[in-house]
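User: Please take a close look at the empty space inside this protein and what surrounds it. I would like one connected account that starts from the enclosed space and works outward.

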Amino acid sequence: MSEAKQKVLLAVLCGPERGDWINPELSGNIYRMARDSRFDVIYVPIRGMRPWDAARNLTLSLARDNGVDWLLSFDNDNFIPPQQNQTPLDVLSSADSNQHHVIGLTCGIGSWESGYKFFPPVQPCASPFREVEAVGGGVLMVHKTVWREIPKGPWFRWQYGDNELLTPENGGVGEDVYFSRLVRKHGLRVWTHTQIAAGHYKTTDVSGLTATLAQMQQQIQMQQMQQRPMHPPSATAGQNRWVTQVR
């Protein structure tokens with residue numbers, strides 16, 4: 001007798017306005033996941049629900065009430081790039097019982113201070129799964145052990161900082177970080193995947209983004225060099241110079 005398929009609630013946070021439409025790459029991801037014979041996928045678009053923490057709480061309550069094994073949620077502007085040739089279902093199929101709590105994929109985000117960064121941060125790791133303190137909500141996988149351990153929400157809550165401008169200093173965190181802290185407080189674990197990352201569509205200054213990405217690439221190269229045995233220098237002069245401005 002064949003083993004029963006795991007049930008996955010695939011929720012996409014989207015809306016009726018153009019800025020909330022599902023991007024083309026994500027549409028391709030959804031189509032591919034719906035045809036994945038390894039899982040029983042239920043697709044539910046979450047249309048126009050705001051604020052974001054309310055929408056995320058709805059996805060988890062739907063997963064709980066429909067008796068699925070996994071909640072897999074996407075924001076409408078996130079996706080898995082086609083060249084990776086994988087989907088989050090490949091992540092779920094390779095996760096063992098240690099990772100059966102919360103998994104969030106790394107993606108680039110805008111920082112409120114300025115510029116861009118990866119969240120969770122990119123770090124060298126020999127394993128496909130790396131335990132982290134918190135993950136973002138752009139591509140989020142939550143196992144049923146979470147709502148069994150924490151059966152009543154809210155699971156996601158935006159917290160403003162304790163200051164006159166309500167900026168993130170002094171305790172302010174986004175709803176996804178709040179959720180990560182909540183599950184860890186209950187003894188559950190939070191993971192990211194080191195081989196599959198999410199894309200993130202935004203409208204931005206391409207020149208500034210290009211310079212930022214160049215700096216990120218050089219930082220990654222420097223980290224890789226630090227992991228390797230030392231050899232006599234052979235690089236050309238200026239090869240590892242930091243990018244500081246766009247000319």
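Analyst: In this predicted model, the count of cavities of 30 Å³ or more comes to one. The largest cavity has a volume of about 30 Å³. Its lining is made up of Leu 13, Arg 56, Thr 59, Leu 71, Ser 73, Leu 140 and Phe 156. Two elements, α2 and β3, each supply at least two residues of that lining. Rolling a probe the size of a water molecule over the atoms shows where empty space is left.

The open space comes next. The largest pocket has a volume of about 1100 Å³. It is lined by 39 residues, and the closest to its centre are Ile 109, Gly 110, Trp 158, Gly 174 and Asp 176. At least two lining residues come from each of α2 (52–65), β6 (107–110), β7 and α5 (175–185). Of these, α5 gives the most, with five residues. Helix α2 thus appears in both linings: at least two residues for the cavity, and at least two for the pocket.

Strand β3, which helps line the cavity, also leads to the packed interior. The largest nonpolar core has 26 residues, and those with the most contacts inside it are Leu 72, Phe 74, Leu 92, Ile 103, Leu 105 and Met 141. At least two core residues come from each of β1 (6–14), α1 (24–34), β3 (70–75), α3 (88–94) and β9 (139–143). The largest share, four residues, comes from β1.

Leu 72 shows how such a residue is surrounded. Not counting neighbours within four places in sequence, Leu 72 is in contact with Val 8, Leu 9, Leu 10, Ala 11, Met 33, Pro 88, Leu 89, Val 139, Leu 140 and Met 141. One of these contacts, Leu 140, is also in the lining of the cavity. A second, separate core has 24 residues, including Ile 46, Trp 147, Trp 155 and Val 183.

Two buried polar residues are worth following from here. Asn 29 is placed in helix α1. The cut-off for buried is under 20% relative accessible area, and Asn 29 has 8%, so Asn 29 counts as buried. Leaving out residues up to four places away in sequence, Asn 29 touches Phe 74, Phe 79 and Ile 80. Phe 74 is also among the core residues with the most contacts. The C-alpha atoms of Asn 29 and Gln 86 are separated by 8.8 Å, although the two residues are 57 residues apart along the chain.

His 100 is found in the loop between α3 and β5 (102–104). Its relative accessibility is 19%, so His 100 is buried as well. Apart from neighbours within four places in sequence, His 100 is in contact with Trp 70, Ala 95, His 143 and Thr 145.

Helix α6 has a buried side of its own. It runs over residues 206–227, has 22 residues, and reaches 32 Å from its first C-alpha to its last, close to the 32 Å expected at 1.5 Å a residue. The buried residues of α6 are Ala 211, Thr 212, Met 216 and Gln 218. These cover an arc of only 165 degrees around the axis, so they are on the same side of α6. What covers them includes β7 (116–119), a strand that also supplies at least two residues of the pocket lining. The face turned away from the buried side carries the exposed residues Val 206 and Gln 227.

The loops hold some less common backbone features. Most residues other than glycine have a negative phi, and most peptide bonds are trans. A cis peptide bond joins Arg 50 and Pro 51, with omega about 0 degrees, and Pro 51 is in the loop between β2 (39–47) and α2. Another cis bond joins Gly 153 and Pro 154, with omega about 5 degrees. Pro 154 is in the loop between α4 (144–149) and α5, and that loop also holds Asn 170. Asn 170 has a positive phi of about 60 degrees. At a relative accessible area of 56%, Asn 170 is exposed. Asn 85, in the loop between β4 (78–79) and α3, has a positive phi near 55 degrees and is exposed at 51%.

As for the whole chain, the secondary structure comes to six helices and eleven strands. Of its 247 residues, 41% count as buried. Among contacts with a separation of 6 or more, 76% are between residues 24 or more positions apart.

Methods. Residues are numbered from 1 along each chain as its sequence is written. This is a predicted model: local features need pLDDT of at least 70, side-chain atom pairs count only at pLDDT 80 or more; totals for chains, interfaces and linings use all residues. Side-chain values use heavy atoms; hydrogens and water are left out. The expected span of a helix is 1.5 Å times one less than its number of residues. Buried means under 20% relative accessible area, exposed over 50%, partly exposed in between (1.4 Å probe, protein chains only). The arc is that of the directions from the helix axis to the C-beta atoms. Contact means heavy atoms within 4.5 Å. A nonpolar core is a set of buried Ala, Val, Leu, Ile, Met, Phe, Trp, Tyr and Cys residues joined through side-chain atoms within 4.5 Å. On a 1 Å grid over the protein atoms alone, a cavity is a set of points where a 1.4 Å probe fits but cannot get out, and a pocket is an open set with protein on both sides within 12 Å along at least five of seven lines; lining residues have an atom within 4 Å of a point. Grid points are joined across faces, edges and corners, and a volume is the space filled by probe spheres set on the points.
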